[in-house]
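Student: I am new to this structure and would like a close look at a single part of it. Please take the salt bridges, and tell me where the paired side chains sit.

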Amino acid sequence: MSSDCFGSDGALTEYDKWRQSRWEEMAGPDGKAGRIAYRLITESGQEVPEVPGRWMSTGYSGSLTLTAARAEGVSVDGQGVDGVVELTSTSRLSFPGGRRGTIEELRGAHVLVVWDPAAPTLVGLRGIKAWPWDPAWAVEAEYRPADAGRLLEVTRLTSPSMRDTFPAPGDFVFDLRGERHTLRAFGVGDDTLLITFTDGTSGTDTPGMGRWLILPQPKDATGRARIDFNRAVVPHHMFSAAFPCPLPPRENHLLLRIEAGERAPVLEEEVAVGTATGPAV
């Protein structure tokens, strides 16, 4: 980690601690950059190129099974598979070469997610390029709850791409650079909101698919909240195409350039040819 991540007294600042935890999230021993597959299981006897076995799903409300021979080296929850085994969302799968798998759900379908410790996207990741921290990009906002049950339709970066709907429980309204702005937020878990947005840097200095802000659900009775664009992150899809990330809704485009937060992953080949600039992490 660059020495730029430390304060003058050698202590990590809160922002630097956040950047360090973000680096661990993407590049640590279980880093998300190691995801190599996100495969919907929709057929009987379906094969997945990244791992051995045959898969069958009868829909999310039904069963998901894996069939494998002992010689294929597949295990579920620590037990070797030799025949047919039923899987659930809590199943933990192991494959040869240290690859691991979990089961998720997307729009009523079972999904096999595979992680590989040797994935080039993980072992070749050298940093996350970002603008220097600037307090001017942290603003006070008002959180305005939406009508109950509001949904937004977005495009997910699957192959092929697909449309999906997300709960959109509220909007953040704030002033920045002399203008009033509104960003819609998705609900993505218990008390967690996700803002996907584009701005004047998108497609040049930052990914064309936009960036993310991950915020806690505001608890203040007055609706006061804080948005810190220094903590804008690059979507997981930029680290691994196996993430089915949502594209921002058209309402979440900011005309101004948000020159704060993460800009792009830094890969090994970019370091070799000298295209990466500034502190990596």
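Tutor: What follows is a short setting, then the salt bridges one pair at a time.

This is a predicted model, in which local features need pLDDT of at least 70 and side-chain atom pairs count only at pLDDT 80 or more, while totals for chains, interfaces and linings use all residues. Residues are numbered from 1 along each chain as its sequence is written, and side-chain values use heavy atoms, with hydrogens and water left out.

The protein has 3 helices and 20 strands; both are DSSP runs numbered from the N terminus, helices being H or I with at least four residues and strands E with at least two. Its radius of gyration is 21 Å, close to the 19 Å from the globule rule for 281 residues, so the protein is as compact as a globular protein of that length. That radius is taken over C-alpha atoms, and the rule is 2.2 Å times the number of residues to the power 0.38. Of the 281 residues, 46% count as buried, which is to say under 20% relative accessible area; exposed is over 50%, and partly exposed lies in between (1.4 Å probe, protein chains only).

Now to the charged pairs. Side chains of opposite charge can pair when their charged atoms come close. A salt bridge here is a side-chain nitrogen of Lys or Arg within 4 Å of a carboxyl oxygen of Asp or Glu, and the count by this rule is 24.

One of them joins Asp-116 to Arg-99, with 2.9 Å from N to O. Asp-116 is in the loop between strand S10 (109-115) and helix H2 (120-123), and Arg-99 in the loop between S8 and strand S9 (100-106), so the pair ties together parts 17 residues apart in sequence. Asp-116 is buried, at a relative accessible area of 7%, whereas Arg-99, at 25%, is partly exposed. Strands S8, S9 and S10 belong to an open sheet of 6 strands with antiparallel pairing, in the order S1-S10-S9-S8-S5-S6; strands pair if DSSP finds at least two bridges between them.

Another salt bridge joins Arg-126 and Glu-268, at 3.1 Å from N to O. Since Arg-126 lies in strand S11 (residues 125-130) and Glu-268 in helix H3 (residues 268-273), this pair ties together parts that are 142 residues apart in sequence. Arg-126 counts as partly exposed, at 37% relative accessibility, and Glu-268 is partly exposed with 41%.

A further case is Asp-171 with Arg-184, whose closest N and O atoms are 4.0 Å apart. Asp-171 sits in strand S15 (residues 170-176) and Arg-184 in strand S16 (residues 179-189), so that the link spans 13 residues. Asp-171 is buried, its relative accessible area being 14%, while Arg-184 counts as partly exposed at 24%. S15 and S16 stand side by side in the order S18-S17-S16-S15-S12-S19 of an open, antiparallel sheet of 6 strands. Strand S18 (211-216) and strand S19 (224-228) are at the edges of this sheet, each with a single partner strand, so one side of each has no neighbour in it.

Salt bridges can also join up: Arg-22, Glu-25, Lys-32 and Glu-262 are linked in a network of them.
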